Amino acid sequence: MANPSTSTTSSQQRVAILATDGFEQAELLEPKKALEAAGVKVDVISAKAGSLQGFKHVDKGEQVKVDKTFDQAHQEDYAAVLLPGGVVNGDAMRLVPEAVKFVQQADAAHKPIAAICHGGWLLISAGLAKDRTVTSWPSLQDDFENAGGKWVDREVVQDDNFITSRKPDDIPAFNKTLLAALKKAA
């Protein structure tokens, strides 16, 4: 029997994962695997070519190949954007002007933007958090509230085109919500 999630999304859909060194391994790899299992093409996009170093909390984890750099990627080619966490990754991505522009354009096009853990920092730096209900790693609560958002402590929160989760334990609910949003967008 075919995987039931395979028919939930179009094989033509593409999702951009914006990341840099220091991403939380589970928060990039597990959603990537779920998307690919559903027939979605996934590109890891970064400011540098080559590969990125993942982490399992504070320990080095797997490396992930960069599919495209920001100068090679075009937001309009993607159905959604995924922002994995990791303190180092989340903090670094918010300082990449191309990443800020990428999520601003995705939001303007009303595409799903899924952020987990510290990935939400990019939403704040892009000026997109105001009047949005979100969740994240608890230490970002003040940042979201100071940016005019409403922070809640839940496994997954969907506010219009935003999908947010707190931590690796929330990944099953995060993936399910993202796949449903892609199905609706198809």
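**Strand pairing and pockets**

Ile45 has Lys68 of E6 as its bridge partner, in a model that is predicted. This bridge belongs to the pairing of E3 with strand E6, which spans residues 68-69, and the two strands run in the parallel sense and are joined over two bridges.

Strand E3 also pairs with strand E1 (residues 14-18), again in the parallel sense, and here the pairing extends over five bridges. Within this pairing, Val15 is matched with Val42 of E3 as its bridge partner. The surroundings of E3 can be described in terms of burial, where a residue is taken as buried if its relative accessible area is under 20%. Of the six residues of strand E3 (residues 41-46), five are buried, so the strand is largely enclosed by the rest of the structure.

A further group of strands forms an open sheet of three strands, arranged in the order E2-E4-E5 and with mixed pairing. Strand E2 (23-24) and strand E5 (59-65) occupy the edges of this sheet and have a single partner strand each, so that one side of each remains without a neighbour in the sheet. The pairing of E2 with strand E4, which covers residues 51-56, is in the parallel sense and is made over two bridges. In this pairing, Phe23 has Gly54 of E4 as its bridge partner.

Attention then turns to the pockets. Rolling a probe the size of a water molecule over the atoms shows where empty space is left. The largest pocket was computed to have a volume of about 300 Å³, and its lining is made up of 15 residues, with Glu24, His57, Gly86, Val87 and His118 lying nearest its centre. When the lining of the largest pocket is divided by class, seven residues are nonpolar, four are polar and four are charged.

For the second largest pocket, the computed volume is about 200 Å³. The residues that line this second largest pocket are His110, Pro112, Gln158, Asp160, Asn161, Thr177, Ala180, Ala181, Lys184 and Ala185. Helix H6, which runs over residues 171-185, contributes five residues and thereby gives the most to the lining of the second largest pocket. By class, this lining of the second largest pocket comprises four nonpolar, four polar and two charged residues.

Conventions
Residues are numbered from 1 along each chain as its sequence is written. This is a predicted model: local features need pLDDT of at least 70, side-chain atom pairs count only at pLDDT 80 or more; totals for chains, interfaces and linings use all residues. Side-chain values use heavy atoms; hydrogens and water are left out. Buried means under 20% relative accessible area, exposed over 50%, partly exposed in between (1.4 Å probe, protein chains only). Helices (H or I, at least four residues) and strands (E, at least two) are DSSP runs, numbered from the N terminus. Two strands pair if DSSP finds at least two bridges between them. On a 1 Å grid over the protein atoms alone, a cavity is a set of points where a 1.4 Å probe fits but cannot get out, and a pocket is an open set with protein on both sides within 12 Å along at least five of seven lines; lining residues have an atom within 4 Å of a point. Grid points are joined across faces, edges and corners, and a volume is the space filled by probe spheres set on the points. Ala, Val, Leu, Ile, Met, Phe, Trp, Tyr, Cys and Pro count as nonpolar, Asp, Glu, Lys and Arg as charged, and the others, Gly among them, as polar.
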